[in-house]
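Q: I am new to this structure and would like a close look at a single part of it. Please start from one residue and work outwards, explaining what surrounds it.

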Amino acid sequence: MERWLEAERDQTFLWLPVALGAGAAAWFVLPERHDWLALILLALGVASAAGASWRGGRVAPFATMLALGVAAGTGLAWARAGRVAAPTLDRAAVVRLAGAVEKVEPLPARGLVRVTLGSLRWERPPRRAPLRVRVNLPQHAVPATLGGGAGMTLRARLMPPAPPAVPGAYDAARAAWFDGVGASGRGFTPVGLRGVGAPGVRDRLTAHIIAALAGSAGGIAAALVTGDMGAIDDADSLAMRRAGLAHLLSVSGLHITATVGIVMAAVLRLLALSRRLALTGLLPLVAAGAGAGAAIGYTWLTGSQVPTIRSCVAALMVLAALALGREALTLRLVAMGALVVLLAWPEAVVGPSFQLSFAAVASIVALHEHPRVRAALLARDEPRPRKWLREAASLLVTGAVVELALMPIAVFYFHQAGAYGAIANIAAIPLTTFAIMPAVALALLLDALGWGAPAWWVAGRAIALLLWIAHTVAALPGAVRAIPAMPLGAFATMVAGGIWLTLWRTRWRYLGVAPLLVGAAWTLATPAPDLLVTGDGRHLAVRQADGGLALLRDRAGGYVRDVLAQNGGLAGVPGLLSESREARCNRDLCWWQRRVAGRWRRVLATRSGYNVPIERLAALCAAADVVVSERRLPRRCRARWLTLDRVALARTGGVAITFADERVVTVRLARDDHPWMVVQEMPQHAPARAGSRAR
């Protein structure tokens, strides 16, 4: 081991952010305070033992660094959650309130405007009055003078931040906690406005771009410039995701790199027109300074989101390395960027944005640091066709490696895997970098003189081509494969294998292939759930004999349908239980039965708030394996296996059930000390088998 670490001595530092991130992630996964404290003490004990046993060499310092990183990451996440603590609404309420407008987010594609309000004053304050709320308003009802700093009075229906609807779904409650948002909902008209708001530069620029380019073209251009994606049509956004091009809409490394490159090239060309300046040899430093200013300004303009800040930090490090004459694009640079983000925002480690960004960058750098790859792609004197062929092969290989690196993350968070993303990106990335972004930047500059129309036309045509690529690729057979919620253990195993394979350089790195294969096999071997129940008990989806899903309620909203389909591993649109041959439904109840793994499974669910005769209801409950209801059921109504009524679901949250092995996964654990989780006492008749780790 000493010989191995000596050979890898340049790589050991790269594991410090990994340890820090592992500690932070463990804090989110482990449920109780005792677990967090035990992990910190265990890590400190390992660090102390390793430090005390050091007699020279690299094993003990390396173990000490890893253990201290884990302890620090756990402590940082714990401290950060406490530092951002704010009151959270405990139940739905219709209220009248006044507050100061902090943020305005137009959503033209949905006909809404999202407003974040702070400094709140309540007409009748709820028991746990939030300090900040987020409300959606109809676009036509928003005053033209609305902007940051204005005072707003309105009546709204507010809801507590929602936990995941089913296991594996998006955790809005956790995101809202770290944003300091205690409630969200929909505002009612009319809206009162005091004072004139001052729309920020970002808002004015977004409005200007949307006015210059109609529809999704304007939304995509605005997303590239200001990071605002509200004007992109849902169908176009879905096509971008299915084609593996959604990363182009989120301002991150690609966009920062393109901005810095464009600014540096322009500054160099302009200043080189002066012979005196050109002969000083300082033009690269001046151009690097201009690029750094552009990176910082672009980050501020796009709202200073975590992925953008990470990319800005990385860009500044690259420019500093170039100024010092050092090799810029290295894994050390990636590690330093990760350290900066994790020290400031440890919660980012459990978000897909952080994971996707760093997985993509690290895989690209590791690939091009490999000696054989570097030798194959080294610039050389050769005919242009051969050079272009080699560069195209480089793009294809790089795209394929990035797709493989991102696939576990995409499956874990979005429950789908793309097949043609690498091919689509070969055309989409150069189109975005060398056509769309320069055209939009030129159009904005020329608009100051009133000459921007030709540049906007070029940008619109280029964006139309990008959307054509997205829709064409998304429509190909097998473009996307739906995969049910990946087990947390499988995801952790694949992440560990990928990091091991990426960070080491000697042949021992290839041991990381084994965890990758184990995690992939684990994921593929995990059966899709047969029954999904949302945390409020209003909606459920059951697996049909043909593999499809059927929904309980005929009028389930689009969001509910999408969540249940994605987490159930269905690529299409779910059907209706009332139309299924395996079910019998009336206005109040649905009865579903199917033979699964040699046994008949029966599910009873309520569909309305009307009372059902207790004798009939009790008889049906006794014959059912699972009973689901959004209301509290009488004690006489008990299923043979699981009774999931309002009381039980308040403890478990959303539930996913697999009948073959009687596996039950719940959103909530029996005890969870994370501050955004409100867990009620376990009722005596709660299902005994419903215990599993939450995500």
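A: **Thr-259 and its surroundings**

Thr-259 has its place in helix H9, and the model in which it is viewed here is a predicted one. With a relative accessibility of 16%, Thr-259 counts as buried, because that term applies to values under 20%. Once the neighbours within four places in sequence are left aside, the residues in contact with Thr-259 are Ala-294, Tyr-298 and Met-437.

Thr-259 also belongs to the lining of an open space, the second largest pocket, whose volume is about 530 Å³. This pocket is lined by 18 residues, and those closest to its centre are Val-225, Thr-259, Met-437, Ala-441 and Leu-444. Met-437 therefore appears twice in this picture, as a contact of Thr-259 and as one of the residues closest to the centre of the pocket, while the buried state of Thr-259 rests on its 16% relative accessibility. Two or more lining residues come from each of the helices H7, H9, H11 and H17, and H17 gives the most, with seven residues. Sorted by class, the lining is made up of 16 nonpolar and two polar residues, with no charged residues.

The helices around this pocket lead on to the largest nonpolar core, which has 51 residues. Within that core, the residues with the most contacts are Ile-220, Leu-245, Ile-436, Ile-463 and Leu-466. The elements that give the core two or more residues are H6 (201–212), H7 (215–226), H8 (234–242), H9 (253–271), H11 (283–301), H12, H17 (421–447) and H18 (453–474). H18 gives the most to this core, with 11 residues. Ile-463 offers a detailed view of the packing: apart from its neighbours within four places in sequence, Ile-463 is in contact with Leu-213, Ala-217, Ile-220, Ala-221 and Ile-436. A second core, separate from the one just described, has 36 residues and includes Trp-15, Val-84, Val-350 and Trp-504.

A closed space can be set beside the open pocket. The structure holds one cavity of 30 Å³ or more, and the largest cavity has a volume of about 30 Å³. The residues that line the largest cavity are Arg-310, Ala-314, Leu-333, Val-334, Gly-337, Phe-358 and Val-361. Helices H12 (306–323), H13 (331–344) and H14 (352–369) are the elements that give two or more residues to this lining, and the largest share, three residues, comes from H13. H12 is thus named both for the lining of the cavity and among the elements of the largest nonpolar core. By class, the cavity lining has five nonpolar residues, one polar residue and one charged residue.

Further along the chain, helix H22 (residues 614–623) shows how burial can be arranged around a helix. Leu-617, Ala-618, Leu-620 and Cys-621 are buried in H22. Because these residues cover an arc of only 165 degrees around the axis, they are on the same side of H22. Glu-615 and Arg-616, on the other side of H22, are exposed. Strands E13 (589–596), E14 (599–606) and E15 (626–628) are included in what covers the buried residues of H22.

Ala-583, in strand E12 (residues 583–585), gives another example of a buried residue, with a relative accessible area of 12%. Leaving aside its neighbours within four places in sequence, Ala-583 is in contact with Leu-577, Trp-591 and Trp-592. The C-alpha atoms of Ala-583 and Arg-594 are separated by 8.8 Å, and these two residues are 11 residues apart along the chain.

Lastly, a few places stand out by their backbone geometry. Most residues other than glycine have a negative phi, and most peptide bonds are trans. The peptide bond from Thr-189 to Pro-190, however, is cis, with omega near 0 degrees, and Pro-190 is found in strand E5 (residues 183–194). Ser-119, in strand E2 (residues 112–122), has a positive phi near 50 degrees, and Ser-119 counts as exposed at 54% relative accessibility. Glu-662, which is not a glycine, has a positive phi of about 50 degrees. Glu-662 is found in the loop between strand E17 (655–658) and strand E18 (663–666), where its relative accessible area of 24% makes it partly exposed.

Technical notes: Residues numbered from 1 in each chain as written. Predicted model: local features only at pLDDT ≥ 70, side-chain atom pairs only at ≥ 80, totals over all residues. Heavy atoms only, no water. Buried < 20%, exposed > 50% of the residue type's maximum accessible area, 1.4 Å probe, protein only. Helix = DSSP H or I, 4+ residues; strand = E, 2+ residues; numbered from the N terminus. Arc of directions from axis to C-beta. Contact = heavy atoms within 4.5 Å. 1 Å grid on protein atoms, 1.4 Å probe; cavity = no way out; pocket = protein on both sides within 12 Å on 5 of 7 lines; lining within 4 Å. Points joined across faces, edges and corners; volume = space filled by probe spheres on them. Nonpolar A, V, L, I, M, F, W, Y, C, P; charged D, E, K, R; others polar. Core = buried A, V, L, I, M, F, W, Y, C linked by side-chain atoms within 4.5 Å.
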